[in-house]
Amino acid sequence: MNDDSAAPARYLLVLKARLTAADGHTDHGNPLRTVPVEATGEVGASGFPRFAGDGAEADIDPVTRTVEAVTVDGKELPYGWVAEAQDA
């Protein structure tokens, strides 16, 4: 179980398409959409605090800021997209 007391009240969820650079390294490129999300006070199925806003829901690890689960407009992200959590 995670201690969500250290979790910030809000994040900026940044959605990017995962691209491959000419040399084959992963490049997440420019954001395709940014969504401000706020803590819901709930814990998601991943065991991390749940954040929601503007059609997005995400479980975010407050220690690493890793997005453990995410839906946007009720759907999973398209194949190859990534979600990053940044300070709001």
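Me: Are Tyr11 and Phe51 buried or exposed?
Reply: Tyr11 is buried, and Phe51 is buried too. To be called buried, a residue needs a relative accessible area under 20%. Keep in mind that this model is predicted.

Me: Why are Tyr11 and Phe51 called an aromatic pair?
Reply: Their ring centres lie 5.0 Å apart. The limit is within 6.5 Å, so Tyr11 and Phe51 count as a pair. By this rule there is one aromatic pair.

Me: What makes the pair of Tyr11 and Phe51 edge-to-face?
Reply: Two values describe such a pair: the distance of the ring centres and the angle of the planes. For Tyr11 and Phe51 that angle is 70°. Planes over 60 degrees apart count as edge-to-face, so the name fits.

Me: How do you know that the pair links distant parts of the chain?
Reply: Look at the strands. Tyr11 sits in β1, residues 10-17. Phe51 sits in β5, residues 49-53. The two residues are 40 residues apart.

Me: Which side chains of β5 point to the face of Phe51, and which point to the other?
Reply: The side chains alternate along β5. Pro49, Phe51 and Gly53 point to one face and are buried. Arg50 and Ala52 point to the other face and are not buried.

Me: How do you know that β5 pairs with β4 and with β6?
Reply: Count the bridges. Pairing takes at least two. β4 and β5 have three and run antiparallel. β5 and β6 have four, also in the antiparallel sense. Both counts meet the cut-off, so both are pairs.

Me: Which residues face each other across these strands?
Reply: Phe51 stands opposite Ala58 in β6. Gly53 stands opposite Ala56 in β6. Ala52 in β5 is the bridge partner of Glu38.

Me: What lies in the turns of the two hairpins?
Reply: Five residues separate β4 from β5, and Gly47 in that turn has a positive phi of about 95°. Two residues separate β5 from β6, and Asp54 in that turn has a positive phi of about 45°.

Me: Why do β7 and β8 stand at the edges of the sheet?
Reply: Read the order of its six strands: β7-β6-β5-β4-β1-β8. The sheet is open, and the pairing is antiparallel. β7 and β8 each have a single partner strand, so one side of each has no neighbour in the sheet. Direction ignored, neighbouring strands are turned by 30° against each other on average.

Me: What makes a group of residues a nonpolar core, and how many residues has the largest one?
Reply: Its members are buried nonpolar residues joined through side-chain atoms within 4.5 Å. The largest core has 15 residues. Leu13, Val37, Ile60, Val67, Val70 and Ala83 have the most contacts inside it. β1, β4, β6, β7 and β8 each supply at least two of its residues.

Me: Which residues does Val37 contact, leaving aside its neighbours within four places in sequence?
Reply: Among them are Tyr11 and Phe51, the two residues of the aromatic pair. Leu13, Ala52, Gly53 and Ala56 are also included.

Me: How many helices and strands does the chain have?
Reply: There are zero helices and eight strands. Buried residues make up 32% of its 88 residues.

Technical notes: Residues are numbered from 1 along each chain as its sequence is written. This is a predicted model: local features need pLDDT of at least 70, side-chain atom pairs count only at pLDDT 80 or more; totals for chains, interfaces and linings use all residues. Side-chain values use heavy atoms; hydrogens and water are left out. Rings of Phe, Tyr and Trp (its six-membered ring) pair if their centres lie within 6.5 Å; planes under 30 degrees apart count as stacked, over 60 as edge-to-face and the rest as tilted. Buried means under 20% relative accessible area, exposed over 50%, partly exposed in between (1.4 Å probe, protein chains only). Contact means heavy atoms within 4.5 Å. Axes are lines fitted to C-alpha atoms, for helices over the stretch in contact, and angles run from 0 to 180 degrees between N-to-C directions.
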